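The following exercises are to be worked with the sequence and the structure in view. Each task is followed by a solution in steps.

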Amino acid sequence: MPVKKFDDHEQINIHDMGWLSKIFKGSRHNISRGHYHGNRGQDANYNAPSTSREAWLGQENEDIDRAIALSLLEDSQNGNIVVDNEIQVKEDEQLAKALQESLNVESPPRYGNGIPYQGNTYQPYPVHFPMGFRICAGCNTEIGQGRFLNCLNAFWHPECFRCHACSLPISDNEFSMTGNHPYHKSCYKECYHPRCEVCKLFIPTNPAGLIEYRASPFWIQKYCPSHEHDGTPRCCSCERMEPRDTGYVSLNDGRKLCLECLDSAVMDTKECQPLYLDIQEFYERLNMKVEQYVPLLLVERQALNEARGGEKNGHYHIPETRGLCLSEEQTISTVSRRPRFGAGNRAMGMITEPYKLTRRCEVTAILILYGLPRLLTGSILAHEMMHAWMRLKGIQTLSQDVEEGICQVLAHMWLDSELRSTSGSNVASSSASRTTKKGTRSPFERKLGEYFKHQIESDTSPVYGNGYRAGQQAVRKYGLERTLDHIRMTGKFPY
């Protein structure tokens, strides 16, 4: 058989095909997948392979070198003639490099989810992401393998995302925020949803979904609107609705008195006499001494209302009158002995007796509602004393706003003098110290005095409220003495 000779070009092509086939038979690439397992969402970056460019290219070069060696071995065994080994090896190396470059372009990498890279240019190697590119906002450390949370524009370990109130992790699907702090919904409600100070329950929402409550502007007390109509008692002195587990005393005339107001309450006519002397001294210091003797009587609500009905003239504070300056002869039922408080905190054993008023001057008596705290009793007495002083001085036929207004000014002045004193109850005379049990004023009693001042200042009635503010403005501008002289001459406040 004739021997066919191959030219150099043909030999190179045959040789190329031999080791090229070995490349495709012997080359295998296993791309590892790095997964970040989270139950709050998928992140394509965490599915990227973790192999490097150097490892990938090194394996390709090794496969090509091995294929070239196998091809040369087969050629020598089959008797193929190689024209020039040095030239052949050099050409083989050039072809291998060209083939490697073509493989880099034609074989785009595939990411862990099986979807080829979709960019404008293919990457020659899988992208490697460092493990620390997510930092926990709670502990400020790297988030490694495992679950994570993405909320509040930050990443968190599940155990680091904690409630600002109870400090326990928040694992619920929903949470509440205030400021920059997260809360369990239950903890947020406990911290910020208002509770009723009467029933201690969360104040319910109205049909519109809004929290609606009633509030005392002075005591900063919130309570359910329903308590205004469900028979919840209100203190007749401080006007607070106390918690249901707090005791009240029930007075004989139906009023309720909280235990804090009871502590300084004046209960009978005899007990009130030292306070009466104290207020007389207060008037003397203002150069307004009351010359005639005017009886002071503490009475129940019914007796006060009956006495009011027996007067021909007078304006009385609605909804309830607490004091009267009488000018007519009447027989009054006065409280002569304070009650005891027995079972159920009900008043027991109170003694009343009739007192016949005789008209010796323009004023027959001053009546005050019994059972009120000392500071409230004193402010009412200072008010009624001003009525008596004006009548005894012949200042009559004043308009209601002027007469009641200047009387409220004196009541406010007395309260202010009491609260400014540094020795509590021991104000200006030894008699005052006998009106309290402790000898010094408690913090609540001082607060109570501020409340009574606030009531006078914020009264919205045209007679008592507007009258007080007009009188107070005149006294501040002209002084009390000049204001009273102007009232005596004109019947009006000076402006």
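**Exercise 1.** Determine whether K453 is buried or exposed in this predicted model, and describe its surroundings.

*Solution.* Step 1: the relative accessible area of K453 is 10%. Step 2: a residue counts as buried under 20%. Step 3: K453 is therefore buried, because its value of 10% lies under that cut-off. Step 4: as to its position, K453 belongs to helix α10, which covers residues 443-458. Step 5: once neighbours within four places in sequence are set aside, the contacts of K453 are H412, L415, D416 and L419.

**Exercise 2.** Locate V363, classify it as buried or exposed, and list its contacts beyond its sequence neighbours.

*Solution.* Step 1: V363 lies in the loop that runs between β15 (351-356) and β16 (365-369). Step 2: its relative accessible area is 2%. Step 3: with the cut-off at under 20%, V363 is therefore buried. Step 4: apart from neighbours within four places in sequence, V363 touches V294, C325, L326, S327, A388, R391 and L392. Step 5: Q292 is 71 residues away from V363 along the chain, and the C-alpha atoms of the two are 8.9 Å apart.

**Exercise 3.** Place these two residues in the context of the whole protein chain.

*Solution.* Step 1: the protein chain contains 12 helices and 17 strands. Step 2: of its 495 residues, 42% are buried. Step 3: among contacts between residues at least 6 apart in sequence, 58% connect residues at least 24 apart. Step 4: the accessible surface of the chain is about 27,900 Å², and carbon and sulfur atoms account for 51% of that surface.

Key. Residues numbered from 1 in each chain as written. Predicted model: local features only at pLDDT ≥ 70, side-chain atom pairs only at ≥ 80, totals over all residues. Heavy atoms only, no water. Helix = DSSP H or I, 4+ residues; strand = E, 2+ residues; numbered from the N terminus. Buried < 20%, exposed > 50% of the residue type's maximum accessible area, 1.4 Å probe, protein only. Contact = heavy atoms within 4.5 Å. Areas by Shrake-Rupley, 256 points an atom, 1.4 Å probe, with all protein chains shown as cover.
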